[in-house]
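Let's work through a few short exercises together. Keep the structure open beside you and try each task before you read its solution.

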Amino acid sequence: MKPLSRALLASESYGVAIGPLQQMPERIMQFGEGNFLRAFVDWMVNAMNRQGLFQGKVVVVQPLPEGLVPQLNAQDGLYTLLLRGMQQGQVVEETEVITSVSRGIDPYADFSGFLQCAGNIDLRVIISNTTEAGITFVDEPFPIAACPASFPAKITVFLYARYVHFAGAAGTGMILLPCELIDRNGDNLRRCVLQYIDAWGLEPGFRAWVEKSNFFLNTLVDRIVTGYPREEVTQLGEQLGYDDALLDTGEIFHLWVIEGDARFAEELPFTQAGLNVLWTDNMEPYRTRKVRILNGAHTMTVLAAYLYGKDTVRECVEDPCIGAFMRAGIFDEIIPTLDLPEAEKAQFAEDVLERFRNPFIRHLLLSISLNSVSKWKVRVLPSLCEYVTRRGTLPPALTFSLAALLAFYRGTEMVDGVLQGSRDGQPYPVKDEPEVLEVFAALWRDYAAHGDLAALCRNALAHADFWGQDLTTVPGLTDAVTADLTQIVHDGMAAALQAIAGKVEA
């Protein structure tokens with residue numbers, strides 16, 4: 001089969017939707033050519049272009065010395081995106097050739113070409129996804145002819161070239177939308193840029209222009225992108241009728257929360273295109289909603305579910321017992337602690353459960369179990385504490401999830417840096433920070449010697465360095481966790497979950 005290209009699409013007909021192929025000005029610079037941005041931002045730009053709302057292209061900058069820019073340029077910026085998932089209980093599949101990318105630039109090989117983009121008056125937006133570690137200050141000299149290493153340094157150099165080219169004109173600043181999964185990503189990127197300006201001794205006028213004419217917006221992104229479908233690529237290629245080295249896959253659901261002035265929504269008409277993009281002056285309630293409901297549902301469920309005998313998230317939702325436990329935790333215990341409109345919270349929760357049912361995503365429980373202690377602290381504990389504050393009693397499902405965590409971390413031996421747990425006589429790896437695993441190994445060794453689960457729970461909950469506080473001070477929590485863990489250890493997880501089902505339904 002022939003490789004995907006503009007010439008191929010112009011010469012032959014294929015049974016797949018194709019975005020607009022006409023030339024458009026480059027309005028967006030994107031740092032990152034990976035699966036996520038191509039299935040999220042570039043897909044959105046494609047949707048706006050298809051409806052005649054934006055009329056702009058994306059120029060992609062490769063943030064690392066090795067990347068996909070050669071493949072992207074070989075395919076004229078084109079690639080196929082396959083979105084699959086559940087909508088209103090039905091399996092949905094959407095396939096489209098994305099045409100919103102104009103070209104890719106490798107700044108390590110073509111630093112001058114990268115800086116030339118700074119003189120493009122049509123360019124208005126910078127978007128990035130350089131991993132959580134990307135937005136950090138790395139001490140390095142001001143670059144003269146070679147690309148700097150860090151992403152914020154690249155941004156600083158680019159903005160400085162733009163400032164010089166347009167003589168600091170007020171209307172030539174950029175809107176920056178980082179998609180890195182860190183809290184206050186826009187604020188952190190701005191801080192790093194200002195730090196480079198000071199470290200490099202750049203003129204005060206440039207700093208003032210950056211602060212007044214450029215807008216670093218905090219964002220929250222949400223879409224599971226499964227990327228290049230290696231196991232299906234031969235079959236999918238036969239269905240498409242061409243070869244696509246950049247074939248990308250993801251779920252149907254998407255959400256982008258952007259904390260910024262509503263005037264920017266006019267320049268970037270995502271919502272007009274029918275996309276699930278929310279502009280707000282305060283994104284914290286939405287971040288809290290995602291962490292507590294989506295991530296919290298994972299963390300409160302997966303450890304108990306794994307010991308129950310399940311291996312994937314989809315199995316959890318479809319199992320009557322685990323599914324009921326998860327729903328009770330979300331709707332009866334987490335949602336009441338969140339200050340957002342009830343209908344909005346409920347719809348988000350239903351969307352989450354539908355996403356968990358996606359037959360095209362095999363999300364392994366053991367993968368989610370990584371570093372569960374810190375995850376439970378951030379994702380579940382705040383809901384538990386807020387529930388206690390508002391209701392004056394312990395939430396049964398969330399409380400049980402802590403007992404399930406202690407049970408999942410049951411092991412006495414470390415092998416190759418991981419604690420060895422056991423399910424039905426078969427070992428499984430418990431992966432966390434070494435100091436966390438050593439504590440649990442010691443706790444379970446002490447239990448093996450003395451048989452005192454109450455002491456194990458008391459000592460585990462008292463580890464304020466794990467939880468950020470001494471959990472034995474939460475009224476009734478130690479006794480409740482001890483009772484749940486006792487039943488798990490003596491009767492098994494299935495019996496314990498059935499018993500907790502009676503509590504959550506009461």
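**Exercise 1. Find the helix that lies across β14, β15 and β16, and describe the sheet beneath your finger.**

Step 1. Helix α19 (residues 434–450) lies across β14, β15 and β16, at about 50° to β15. Here an angle is taken between N-to-C directions on a scale from 0 to 180 degrees, with axes fitted to C-alpha atoms, for helices over the stretch in contact. Helices (H or I, at least four residues) and strands (E, at least two) are DSSP runs, numbered from the N terminus.

Step 2. The three strands form an open sheet in the order β14-β15-β16, with antiparallel pairing. Two strands pair if DSSP finds at least two bridges between them.

Step 3. β14 (414–415) and β16 (426–430) are the edge strands, each pairing on one side only. Between β15 (residues 418–423) and β16 there are five bridges, and Arg-423 stands opposite Gln-426 in β16.

A note on your model: it is predicted, so local features need pLDDT of at least 70 and side-chain atom pairs pLDDT 80 or more, while totals for chains, interfaces and linings use all residues. Residues are numbered from 1 along each chain as its sequence is written, and side-chain values use heavy atoms, leaving out hydrogens and water.

**Exercise 2. Decide whether Glu-96 is buried or exposed, and find its polar partners.**

Step 1. Locate Glu-96 in strand β5 (residues 90–98).

Step 2. Glu-96 counts as buried because its relative accessibility is 11%. The cut-offs are under 20% for buried, over 50% for exposed and partly exposed in between (1.4 Å probe, protein chains only).

Step 3. Its side chain makes polar contacts with the side chains of Asn-46 (2.8 Å) and Arg-50 (2.6 Å). Such a contact is a pair of N or O atoms within 3.5 Å; within protein, one must be able to donate a hydrogen and the other to accept it, and residues adjacent in sequence count only if both atoms are side-chain atoms.

**Exercise 3. Which residues have the most contacts inside the largest nonpolar core?**

Step 1. They are Phe-400, Leu-406 and Phe-440, in a core of 83 residues. A nonpolar core joins buried Ala, Val, Leu, Ile, Met, Phe, Trp, Tyr and Cys residues through side-chain atoms within 4.5 Å.

Step 2. Helix α11 (residues 284–308) gives this core its largest share, 11 residues.

Step 3. A second, separate core of 41 residues includes Leu-37 and Phe-264.

Technical notes: Contact = heavy atoms within 4.5 Å.
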